[in-house]
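These notebook entries record what I looked up in one structure. I set them down in the order in which I consulted it.

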Amino acid sequence: AASYKSESDTFISSYDTGQAADSTNLSENKTNTTTTIEWTTTHGGTTQIEYGTTTDYGSTTDAISISEGTNNNSTTITLSTCTEYHYRIKNITHSAVTSYGADKTFNSGGCPVVSSSVDSNTPQIAQSSGGGGGVFSPAIEDTNAHQTIRTIIEPNTFDFDGYLSANAVNTTSLLQSLSLKLGSNNGNVLGVVSNNHTSPRLRGASNTILAGGSILGIKTNKNIYWQIGRIEELWYKDHYNKARILPSIQRKPSIVALSYTESDLIIAGNPKKKFNEKLLQLAFSSDGKYWTILPTSVVDVVNNTVAALHKVGGYYMVVGR
């Protein structure tokens, strides 16, 4: 009887040689909240999964007792959605030899999908291409048909795939929305200008914002700069969710350029006179109410543009005197 059992291997209950157990044929079947892992082991003992969000793992499945020879194993792990996990196989043979499989990763899925009309495959400003550097014009959310708008962005200005958005603003509507308060003493006065002359109570005020018919004027200590062309609301926006990329998170300023035409230089009500083209400036406002003239303004009289160095986000207009 012993001879027969020896020849058929049924007499021997264990032939653990002290070698480590191997794991092969690893596969995953995932849903958003669970993953079923299947694998094959050799040698008897126990096998289980170590898993977690880092290579420290931290969690284990229940140990599965396995007999000598080839064993097909399976276990299911409950997961959090939209999370990357690490896992590996841990085997312990009958002779207490422990071995680990290679580290594996997977994402549990179930991440929220942000709806957007922007083509997610073709960002206008691609962070992957040197940080989004280059020359850009508004190609999306562009309501402007009057001025050419461009920005020049240095690489690594921000950590987003993005695009340049432009919205032409009607001056009259902007003034109405601001609910003009004449003669306020807050240092930035909204007042009415008649025949291009300020009223006596506004004389001498610094950075006074003036409303002359359908255009804005900025009264500095020495001059009045008048709006030329349209007011443009410009923003860099995140490519995937259209969120505005705030100036505070832009690492570097951009060059912002707005165009003007020869007819824009003609002074309203006085067609024989023009604004001095060489004195044009770019003005900025974060809210449409309080305006400043950008000191880095430069005029290109050949291409009819005014440019300035600035972190994009707010209202811009060309002004002249």
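**Entry 1. A sheet of five strands**

I began with β10 and β11, which pair in the antiparallel sense over 3 bridges. Within this pairing I noted that F136 stands opposite T151 in β11. I record here that the model is a predicted one.

I then asked in what order the strands of this open sheet lie. The order is β10-β11-β17-β23-β22, which makes 5 strands with antiparallel pairing. The edge strands are β10, residues 134-136, and β22, and each of them pairs on one side only. From one strand to the next, the twist averages 20 degrees. As a general matter, strands of a sheet pair through backbone hydrogen bonds, either parallel or antiparallel.

**Entry 2. The second largest pocket**

I next looked up the second largest pocket, which holds about 180 Å³ of space. In general, such empty space is shown by rolling a probe the size of a water molecule over the atoms.

Which residues line the second largest pocket? I listed V135, T148, R150, I152, I255, A257, V298, V299, D300, T305 and A307. The elements that give two or more residues to this lining are β11 (149-153), β17 (254-259), β22 (298-300) and β23 (305-310). The largest share, 3 residues, comes from β22. I noted that β22 is also an edge strand of the sheet in my first entry.

**Entry 3. A sheet of three strands**

I turned to another open sheet, in which 3 strands follow the order β1-β2-β6 with antiparallel pairing. Its edge strands are β1 (23-30) and β6 (71-78), each pairing on one side only. The twist here averages 15 degrees from one strand to the next.

I took the pairings in turn. β1 and β2 are antiparallel and share 6 bridges, and a hairpin joins the two through 3 residues. The bridge partner of N29 in β2 is T36. On the other side, 8 bridges join β2, residues 34-41, to β6, and these two strands also run antiparallel. Along that pairing, T35 stands opposite I77 in β6, and E38 stands opposite S74 in β6.

I then asked which side chains of β6 are buried and which are not. Those of N71, N73, T75 and I77 point to one face and are buried. Those of N72, S74, T76 and T78 point to the other face and are not buried. I set beside this the general rule that in a regular strand the side chains alternate between the two faces of the sheet.

**Entry 4. Aromatic rings**

I searched the whole structure for aromatic pairs and found 4. I examined the pair formed by F284 and Y316, whose ring centres are 5.1 Å apart. Why does this pair count as tilted? The planes of the two rings stand at 50 degrees, so the pair falls between the limit for stacked rings, under 30 degrees, and that for edge-to-face rings, over 60.

The pair links distant parts of the chain, with F284 in strand β20 (281-285) and Y316 in strand β24 (314-320), 32 residues apart. I checked the accessibility of each partner. F284 has a relative accessible area of 13% and is buried, and Y316 is buried at 0%.

I also noted a cluster in which ring pairs link Y85, Y87 and F106.

**Entry 5. R88 and A102**

I looked up R88 and found that R88 lies over the face of Y100, at 4.1 Å from the ring centre. R88 and A102 are 14 residues apart in sequence, and their C-alpha atoms are 5.9 Å apart in space.

Where is A102 placed? A102 belongs to the loop between β8 (98-100) and β9 (104-107). A102 has a relative accessible area of 53% and counts as exposed, because the cut-off for that class is over 50%.

**Entry 6. G162**

My last query concerned G162, which is placed in strand β12, residues 162-169. Is G162 buried or exposed? G162 has 0% relative accessibility and therefore counts as buried, the cut-off being under 20%. G162 and K242 are 80 residues apart along the chain, while 8.3 Å separates their C-alpha atoms.

Key. Residues numbered from 1 in each chain as written. Predicted model: local features only at pLDDT ≥ 70, side-chain atom pairs only at ≥ 80, totals over all residues. Heavy atoms only, no water. Pairing = 2+ DSSP bridges. Helix = DSSP H or I, 4+ residues; strand = E, 2+ residues; numbered from the N terminus. Axes fitted to C-alpha atoms, helices over the stretch in contact; angles between N-to-C directions. Buried < 20%, exposed > 50% of the residue type's maximum accessible area, 1.4 Å probe, protein only. Phe/Tyr/Trp six-rings, centres within 6.5 Å; stacked < 30°, edge-to-face > 60°. Lys NZ or Arg CZ within 6 Å of the ring centre and 35° of its normal. 1 Å grid on protein atoms, 1.4 Å probe; cavity = no way out; pocket = protein on both sides within 12 Å on 5 of 7 lines; lining within 4 Å. Points joined across faces, edges and corners; volume = space filled by probe spheres on them.
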